[in-house]
Amino acid sequence: MLTVVQAFDRTPIAEIGVDDAAALERKLQVAERVFKDRDGWLKPHQRVAILRRLAALMEDRRDHLALQIAREGGKPLADAIVETTRAIDGVHNAADELRNFAGREIPMGLSAAAENRWAFTTKEPIGLVAAISAFNHPLNLIVHQVAPAIAVGCPVIVKPASTTPLSCLEFVALVHEAGLPEPWCQSFVPEGNDLAEQLATDRRVAFLSFIGSARVGWSLHAKLAHGARSALEHGGAAPAIVDRSADLDRIIEPIVKGGYYHAGQVCVSTQRVYVHRDIADDFTQRLIARVERLRTGDPTLKDTEVGPLILPREADRVAEWIKDAVEGGATLATGGARQSETTLQPTVLLDPAADARISLQEVFGPVVAVYRYGDLDEAIARANALPTAFQASIFAQDIDVALRAANRLDASAVMINDPTAFRTDWMPFAGRRESGYGTGGIPYTMRDMTQEKMILMRRG
């Protein structure tokens with residue numbers, strides 16, 4: 001049995017059964033069987049109807065789902081409600097995308113050998129999808145992995161994070177209640193990581209969707225069966241540049257949201273802020289004042305803005321990183337104190353050393369580091385210096401500065417006057433280099449979970 005606890009106070013919530021190797025084999029067999037039976041594939045209109053019913057069922061349980069996210073994952077309730085709303089909309093997004101999900105005509109007659117022919121492509125589901133998910137958005141991430149598979153007609157086996165399985169299990173139950181036969185969507189809660197790897201690398205899996213640590217993701221990627229595709233979503237130490245033309249009255253709030261949303265446990269959380277020296281003192285004072293007003297505590301309370309980290313050992317690690325940075329010369333401007341076993345005060349560090357872990361690695365905690373700079377290109381170079389690259393921000397009223405930074409920042413997306421953590425669920429979402437592989441976002445995932453087949457007809 002697996003005991004699920006509240007992230008904030010470690011109080012047990014539920015005990016759930018776990019799957020062994022025999023259960024995994026059964027799930028793989030039934031998924032393979034239904035996919036091989038082409039006559040049994042659901043038609044697009046049937047998949048659309050199932051997704052619409054699923055969204056309606058989720059809507060009816062919105063408050064319950066949000067509270068469950070807050071309890072098992074530690075996300076503040078206000079943000080958990082936003083996550084649930086996004087998840088419902090994501091299911092609609094997958095259904096909507098099917099209206100324009102089509103192949104293309106391949107031009108013929110461009111050479112004598114190609115005369116009197118007509119060719120076009122269709123989209124077919126790629127096959128069995130293995131989805132391994134993360135704790136930080138325990139409902140919406142599952143939607144991003146499962147709803148596209150349902151939409152395009154792939155059977156999917158989804159493994160949630162062991163700390164937050166309840167949202168996944170309930171979502172899969174709702175999928176079945178909405179009318180999708182069980183073999184097309186199955187949950188998998190294994191006894192250990194070895195079985196998760198066994199799922200991902202099984203020869204019957206055609207597509208791996210992995211959200212989690214780079215170390216695990218790249219290891220699985222290297223072991224995939226021949227021909228299998230993958231999408232990896234890891235993280236990075238997201239940079240934001242604050243130009244001297246920035247409107248300080250308007251940018252503190254989005255930077256704070258970008259840095260401390262879900263206690264910084266977001267793959268594109270704002271971690272490194274490079275501020276022009278002409279405004280650095282004013283910016284820092286405003287930032288510290290706002291961070292000190294953040295309400296930290298029990299995520300199930302409506303006014304909480306920053307909740308706990310997912311595990312005590314994660315709070316231990318982040319506290320150690322803060323301590324190391326201060327010992328290496330950084331100024332602890334505010335925060336850093338332990339409030340509970342899993343909760344840390346939101347922290348601002350000033351000018352950590354270039355070789356401090358907070359300057360080099362993803363902290364995945366409620367810590368923002370502020371660095372001064374004098375030249376824009378210097379700030380861009382420092383922002384681009386890490387082997388990770390995901391989303392970045394530039395805050396400026398000077399359009400030339402904003403566009404120069406947007407063009408030169410090494411990121412899959414650059415937000416101008418918005419935080420690094422901004423995302424809508426229909427936009428492309430992708431890490432570069434060590435930060436990931438492939439492109440997320442519901443329409444893009446649907447494309448990755450299909451393959452084109454060309455059909456050619458000879459006329460006459």
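**View 1. Cavities in the predicted model.** This predicted model holds three cavities of 30 Å³ or more. How much space lies in the largest cavity? It comes to about 180 Å³. The second largest cavity offers about 120 Å³. The next two views take a look at what surrounds each of these spaces.

**View 2. The largest cavity and its lining.** Picture 20 residues lining this space. Which of them lie nearest the centre of the largest cavity? They are Ser209, Ala231, Glu233, Gly440 and Thr445. Several elements help out: α5 (140–152), β8 (205–211) and β9 (229–233) each give the lining of the largest cavity at least two residues. The largest share comes from β8, with four residues. Sort the lining of the largest cavity by class and you get nine nonpolar residues, nine polar ones and two charged ones.

**View 3. The second largest cavity and its lining.** With a space of about 120 Å³, the second largest cavity is lined by 18 residues. Closest to the centre of this cavity are Pro239, Thr388, Ala389, Phe390 and Gln391. Which strands each supply at least two residues of the lining of the second largest cavity? Those are β10 (238–242), β15 (388–389) and β16 (391–395). As for class, the lining of the second largest cavity has 11 nonpolar residues, along with four polar and three charged ones.

**View 4. The second largest pocket.** Now for a pocket: the second largest one has a volume of about 440 Å³. Its lining is made up of 22 residues, and nearest the centre you'll find Pro44, Arg47, Lys123, Pro125 and Val152. Two or more lining residues come from each of α2 (44–60), β4 (117–125), α5 and β20 (450–458). Which element gives the largest share of the lining of the second largest pocket? That's β4, with four residues. By class, the lining of the second largest pocket splits into 13 nonpolar, three polar and six charged residues.

**View 5. The sheet built from β3, β4 and β20.** Two of the strands that line the second largest pocket, β4 and β20, turn up again here. Together with β3 they form an open sheet of three strands, in the order β3-β4-β20, with antiparallel pairing. Where are the edges? They are β3 (105–106) and β20, since each of these strands pairs on one side only. Between β4 and β20, the antiparallel pairing runs over nine bridges. Want one bridge to find in the structure? Look for proline 125, whose bridge partner in β20 is threonine 450. Proline 125 also belongs to the group of residues nearest the centre of the second largest pocket.

**View 6. Cysteines without a disulfide.** How many disulfides does the model have? The count comes to zero. Why does cysteine 154 have no bond to another cysteine? The closest cysteine sulfur, in cysteine 185, is 12 Å from the sulfur of cysteine 154, which is too far for a bond, because a disulfide needs the two sulfur atoms within 2.5 Å. Cysteine 267 tells a similar tale: the closest cysteine sulfur belongs to cysteine 168 and is 18 Å from its own, so that is too far for a bond. Are these cysteines buried or exposed? Cysteine 154 counts as buried, because its relative accessibility is 2%. Cysteine 267 is buried as well, at 9% relative accessibility. The cut-off behind both calls is that buried means under 20%.

Notes. Residues are numbered from 1 along each chain as its sequence is written. This is a predicted model: local features need pLDDT of at least 70, side-chain atom pairs count only at pLDDT 80 or more; totals for chains, interfaces and linings use all residues. Side-chain values use heavy atoms; hydrogens and water are left out. On a 1 Å grid over the protein atoms alone, a cavity is a set of points where a 1.4 Å probe fits but cannot get out, and a pocket is an open set with protein on both sides within 12 Å along at least five of seven lines; lining residues have an atom within 4 Å of a point. Grid points are joined across faces, edges and corners, and a volume is the space filled by probe spheres set on the points. Ala, Val, Leu, Ile, Met, Phe, Trp, Tyr, Cys and Pro count as nonpolar, Asp, Glu, Lys and Arg as charged, and the others, Gly among them, as polar. Buried means under 20% relative accessible area, exposed over 50%, partly exposed in between (1.4 Å probe, protein chains only). Two strands pair if DSSP finds at least two bridges between them.
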